[in-house]
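The following note sets out some points on the structure for your consideration. The comments are numbered for ease of reply.

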Amino acid sequence: MSVDAATVIAEGRAVLGIELGSTRIKACLIGPDAAVLATGSHEWENRFVDRRWTYGLDEVWSGLQAAYADLVSDASDRHGAALTAVAAFGVSAMMHGYLAFDADGELLVPFRTWRNTSTGPAAEALTASFGVNIPLRWSIAHLYQAVLDGEEHVPAIASVTTLAGYVHEKLTGRRVLGVGDASGMFPIDPATRDYDADLLGRFDALAAGTALPGPVRGLLPDVLVAGQSAGELTDAGARLLDPSGVLRPGAVAAPPEGDAGTGMVATRAVAPRTGNVSAGTSIFAMVVLERPLAGLHHELDVVTTPVGDPVAMVHCNNGASELAAWVGLFRRFADAAGRPVDADTAFDVLLREALEGDADAGGLLAYNHLAGEPIAGLSEGRPLLVRSPDSPFTLANVIRAQLYGVYGTLALGMRVLAEEDVALDRMYAHGGMFRTAGVAQRFLAAALDAPVAVAGTASEGGAWGMAVLAAFAAHRAAAHRAAARTGASSTTEAAASGADLDAYLLESVFASTVFDTADPEPADVAGFAAWLDRYRAGLAVESAAVDAL
């Protein structure tokens with residue numbers, strides 16, 4: 001494989017996917033068969049400044065450049081190949097949030113991420129006006145809250161976008177978004193695969209007479225579906241990504257997507273009756289719908305697949321960060337004892353220990369809320385470990401409770417989805433915590449009471465999924481060029497890409513993929529259900545902690 005991989009890289013036929021996650025910026029290079037050729041990463045952290053979660057835009061670019069340089073080094077180390085060009089690329093990032101720019105492209109206020117929960121009045125007013133749930137983290141809620149609060153920057157707003165949209169525009173000059181990412185800014189009409197025109201009008205009516213300049217549609221990026229042309233890497237964009245000047249421009253650009261969409265692609269969960277769970281700093285479940293939801297639920301919001309099909313999303317602000325903090329505590333103990341272990345080993349040992357715990361975690365309750373959690377009714381986070389005096393306080397129960405805690409608020413939201421009688425054949429999972437085979441996956445199956453499948457690419461996550469979407473964009477571009485040469489008629493680009501994505505994933509990406517499937521074990525299902533009942537009741541302790549601390 002090394003000879004073939006080296007040739008693919010040297011000839012510029014590899015495809016690049018980038019994802020800016022909450023704790024890591026990852027880059028992934030794939031070949032024509034979607035196999036990983038090289039990876040790179042850079043760690044970063046959000047900061048809590050003036051009571052808002054944010055990242056600096058300088059950190060975006062220094063982090064992207066570091067991750068890309070790491071990938072170039074990995075390609076050289078693995079294959080002895082110099083990366084000078086790629087055939088296609090795509091950018092994905094954490095969804096939602098608020099990046100507002102003036103007419104000169106200057107950032108008006110620091111980036112407000114999805115993690116902020118200060119948009120309650122705006123989300124409530126928009127939900128009431130639209131008749132669909134608008135969560136606190138959605139971009140339109142951030143925008144309208146700034147309007148309601150009379151923030152000084154509002155009259156100067158010329159554009160609003162997401163993190164993926166911002167990076168893509170800098171690399172290509174195109175102000176566009178993939179429909180999946182756009183669906184976390186403003187509701188999408190499934191018939192047009194664009195912003196809902198009626199709801200745009202309702203928003204403008206709400207904002208009439210305020211300092212907001214002009215109709216909201218003019219502030220939002222244009223919407224594209226997977227496979228459509230989203231420009232190409234420019235000279236300036238290539239230098240931004242690779243300041244050394246080695247990377248050549250011209251690569252086909254895929255529509256920038258959100259981490260939810262790339263997670264769906266990374267697990268081939270883009271067809272009705274499929275779904276996926278993505279576990280990282282946040283955790284969320286996506287279920288592709290066969291029909292509209294019957295009612296409005298504050299625990300659920302409707303976004304889309306990368307081709308615009310409706311998806312019910314259960315999004316929790318808090319995922320595996322608190323679990324990682326506990327693993328770090330035990331790593332420090334190992335260091336102090338003179339037996340240091342790396343992070344992967346520590347996770348593996350502790351997760352396997354959790355298998356020895358009681359099915360209900362011995363009555364221990366672990367709350368992973370580092371930030372506010374709307375599904376749990378919490379405006380701020382207070383991580384807690386709670387037990388009764390007679391709870392078996394063992395290492396196995398502590399870690400099992402922490403794993404259950406990762407899924408706690410997710411399970412509350414999924415119970416609401418079950419009440420809607422949404423059909424689900426199988427859930428697919430991805431994220432680093434699934435690298436330890438048979439543990440996190442098994443407990444997730446118990447939490448959902450449904451089979452959970454994990455592929456070998458699960459730990460690669462959204463960067464790999466974005467690379468696959470970029471390869472699909474290159475595939476569609478080649479098909480259109482071929483049709484143009486022969487004079488053959490074809491369907492529109494948008495319609496063709498919508499029809500083809502699932503087939504492309506099956507035939508070109510997952511044809512030989514083996515999924516490891518964990519069926520829910522009855523004892524685990526009963527144990528988690530008992531644990532969740534106590535978890536729900538114990539949220540009163542969480543609320544008291546928020547008020548007291």
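1. The model under review is predicted. A natural starting point is its aromatic cluster, a single group formed by Y367, Y404, F443, F528, W531 and Y535. Across the whole structure, a search finds 18 aromatic pairs.

2. One of these pairs joins Y404 and W531 in an edge-to-face arrangement, with 5.4 Å from centre to centre and 70° between the planes. Y404 belongs to helix α12 (residues 395-419) and W531 to helix α16 (residues 522-548), so this pair ties together parts that are 127 residues apart in sequence. Y404 and W531 are both buried.

3. W531 also pairs with F528. Here the ring centres are 5.4 Å apart and the planes stand at 35°, so the pair is classed as tilted. Unlike the pair in point 2, which links α12 with α16, this one has both members in helix α16, 3 residues apart, or about one turn of the helix. F528 has a relative accessible area of 0% and is therefore buried; the value for W531 is likewise 0%, so W531 is buried too.

4. Turning to helix packing, how are α2 and α5 oriented towards one another? Helix α2 (residues 57-79) packs against helix α5 (residues 163-172) at an angle of about 65°, and their axes are 12 Å apart. Because angles of 65 to 115 degrees count as roughly perpendicular, α2 is placed in that class relative to α5. The crossing of the two helices is right-handed.

5. Which residues make this contact? From α2 the contributors are L57, V60, W61 and L64, while α5 supplies L163, Y166, V167, K170 and L171. Sorted by class, the contact comprises 8 nonpolar residues, 1 charged residue and no polar ones. Since Lys counts as charged, the charged member of this contact is K170 of α5.

6. A further point concerns helix α9 (residues 259-266). Is this helix mostly covered or mostly uncovered? Helix α9 is mostly covered, with 8 of its 8 residues buried. The buried residues are D259, A260, G261, T262, G263, M264, V265 and A266.

7. The backbone just after α9 also deserves a remark: R268 takes a positive phi of about 50° there.

Technical notes. Residues are numbered from 1 along each chain as its sequence is written. This is a predicted model: local features need pLDDT of at least 70, side-chain atom pairs count only at pLDDT 80 or more; totals for chains, interfaces and linings use all residues. Side-chain values use heavy atoms; hydrogens and water are left out. Axes are lines fitted to C-alpha atoms, for helices over the stretch in contact, and angles run from 0 to 180 degrees between N-to-C directions. Helices (H or I, at least four residues) and strands (E, at least two) are DSSP runs, numbered from the N terminus. Angles under 35 degrees count as roughly parallel, over 145 as roughly antiparallel, 65 to 115 as roughly perpendicular and the rest as oblique. A crossing is left-handed if the near helix is turned anticlockwise from the far one by less than a right angle, and right-handed if clockwise. Contact means heavy atoms within 4.5 Å. Rings of Phe, Tyr and Trp (its six-membered ring) pair if their centres lie within 6.5 Å; planes under 30 degrees apart count as stacked, over 60 as edge-to-face and the rest as tilted. Buried means under 20% relative accessible area, exposed over 50%, partly exposed in between (1.4 Å probe, protein chains only).
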